[in-house]
Amino acid sequence: MGEERRASGSQGYARRVEALQIKVLPKGSADAPQQTVAFKDRTAEPPSVTYRSHVSNVGWMGNVSDGKTSGNAGGSNAIEALEARVNWYGHKGQISSRAHVSGIGWQNWTSGTAGTTGRSKAVEAVQFKLSGEVANSYDVWYRVYSSKLGGWLGWASNGSPAGSAGKSAAIQGIQVRLVAKGGKAPGSTDGRFVGNVDSLHANALNLNRKSLGSKSGKTVVLGSEKGKAALGSLAVSIENQDLTGSVCYAGLYEYGGWTQAVADGTQLNASNNGRALKGIRLQLSGALSTSYDIWYRSCDSKRGWLDWACNGADSGSAVAGSHLVAVEIRILKKGAAAPGSVKTPFTKEASSTSPRVIYQPIRPTRAGTIQLPMVQRPALRASRCLSRRLTFRWHMPVTIRTSRLKLTWRTSAGKSGLPLRMREPWARTKLSRLFSSV
């Protein structure tokens, strides 16, 4: 009882015991054998990282590990793709990567192959990050070799970019290694990336989920102040991200209110419901928020450009009958001066007690139907507008509200949500009578 028990052998190596030697000696005998490692547990060993490269005119090269060079450093053949994995017996976690590829740009994160094969496109920059148990105990460090940029660049870690963007500089070699959490970098971190770090990348969709284009840089403008196309959705992410954190954003929609915040390239409006964007909020998190401010302003279809908002404040207009046609976003150093006036970034209208009706025009074309922005009008004015040869999608039941009464109208079939063709005389007559009676 209370005796210490010690194991002999190994665990986790798939090796069997082939011999066993036992000696029984008097307590404290001088003939006792020298004690060394009697038991070896593989789960106690540190993790290793293994990686390989696909090189132009060569193909896939063999695996290397823990800081050794993969690729063709010193040569001219570019790395076109790479793969990496973490080996840590008895523990969970993985390594993910993404590549900046010539003619493509940054790809999505993957735990498989980053880059391309068979397309003669060079990798120009890489990012690695850990997840799971291994991320709690280790940092991943990596650096790349680019002959055009003078050889080995500085070490980057934990998702920061290594390499270049916009320089047409392929990489020919790469080294990756794991270091205990918070440990020193394997070498100099200077010049690890050539290009604009922590830049914005954004894109926008119209009401029919057609792309209005994408932009990248420290300043991006989505949509057009001279155009009439309403913004239906947008997505924002940080490109060449050197600091940890995210960009989060929410949208104000017609008759839907503010959405839940999304982040890092997720579209604000994932459904094709024809609702126009009326306002936005953007905010940074993590280390990004301590180093940068994010500024933004909205261009309203009726009021033009509104003033600037910052770091989660409301931007846009809650006034009925208008929508956003453009948005400008800037990322600036923390505490930098505002890009312009901040007096009126968001506008509202006084509540009205007059009867109003909400409807949405849908214009038929040979290629299909085009959703137009929803319309909210006083009831009597709406009845005059309904004689146009358009199809209207009613958000059923159509409700007319005043301070004294509430009326609800449905289709003749009694079903809500059916498109109604306003060129049908019975429909115009029925609606006109309803509106004029309010």
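## A predicted, strand-rich chain

The protein chain contains four helices and 38 strands. The model is predicted. Of the 438 residues in the protein chain, 42% are buried. Taking the contacts between residues at least 6 apart in sequence, 64% of them join residues at least 24 apart.

**An open sheet**

One open sheet has five strands in the order S9-S8-S11-S15-S17, and their pairing is mixed. Its edge strands are S9 and S17 (193-194), each of which pairs on one side only. S8 and S9 run antiparallel and are joined by two bridges. In this pair, His100 stands opposite Trp106 in S9.

**A hairpin**

Strand S18 (residues 199-206) and strand S19 (residues 211-217) also run antiparallel, with five bridges between them. Asn203 stands opposite Ser214 in S19. Four residues lie between the two strands of this hairpin, and Arg209 has a positive phi near 60°.

**Nonpolar cores**

Which residues have the most contacts inside the largest nonpolar core? They are Val126, Phe128 and Leu130, in a core of 30 residues. The elements that each supply at least two residues of this core include strand S3 (48-55), strand S7 (79-87), S11, helix H1 (133-137) and strand S16 (173-180). A second, separate core has 27 residues, among them Leu231, Leu324, Ile329 and Ile331.

Phe128 shows what such a position looks like in detail. Apart from neighbours within four places in sequence, Phe128 is in contact with residues including Leu82, Ala84, Ile95, Val140, Ile174 and Val176. The contacts of Phe128 also include Ser96, Ser97, Asn158 and Gly159. Trp109 and Tyr142 are in contact with Phe128 as well.

**A pocket and a cavity**

The second largest pocket holds about 680 Å³ of space. Its lining has 26 residues, and those nearest the centre of the pocket are Arg98, Trp109, Gln127, Ile238 and Gln241. Trp109 thus appears twice in this account: it lines this pocket, and it is in contact with Phe128 of the core. Strand S9 (105-106), strand S11 (123-131), S18 and strand S21 (231-239) each give at least two residues to the lining of the second largest pocket. S21 provides the largest share, four residues.

The structure also has one cavity of 30 Å³ or more. About 50 Å³ of space lies in this largest cavity. Twelve residues line the largest cavity, and Asn206, Leu207, Gly232, Asn269 and Ser271 are the closest to its centre. S18 and S21 are the elements that give two or more residues to this lining. S18 and S21 also each supply at least two residues to the lining of the second largest pocket.

The table sets out the two linings by class.

| Space | Nonpolar | Polar | Charged |
|---|---|---|---|
| Second largest pocket | six residues | 15 residues | five residues |
| Largest cavity | two residues | eight residues | two residues |

**Elements with several roles**

Some strands recur in these descriptions. S11 is part of the open sheet, supplies at least two residues of the largest nonpolar core, and gives at least two residues to the lining of the second largest pocket. S9 is an edge strand of the open sheet and also contributes at least two residues to that lining. S18 pairs with S19 and gives two or more residues to the lining of the largest cavity.

Notes:
Residues are numbered from 1 along each chain as its sequence is written. This is a predicted model: local features need pLDDT of at least 70, side-chain atom pairs count only at pLDDT 80 or more; totals for chains, interfaces and linings use all residues. Side-chain values use heavy atoms; hydrogens and water are left out. Two strands pair if DSSP finds at least two bridges between them. On a 1 Å grid over the protein atoms alone, a cavity is a set of points where a 1.4 Å probe fits but cannot get out, and a pocket is an open set with protein on both sides within 12 Å along at least five of seven lines; lining residues have an atom within 4 Å of a point. Grid points are joined across faces, edges and corners, and a volume is the space filled by probe spheres set on the points. Ala, Val, Leu, Ile, Met, Phe, Trp, Tyr, Cys and Pro count as nonpolar, Asp, Glu, Lys and Arg as charged, and the others, Gly among them, as polar. A nonpolar core is a set of buried Ala, Val, Leu, Ile, Met, Phe, Trp, Tyr and Cys residues joined through side-chain atoms within 4.5 Å. Buried means under 20% relative accessible area, exposed over 50%, partly exposed in between (1.4 Å probe, protein chains only). Contact means heavy atoms within 4.5 Å.
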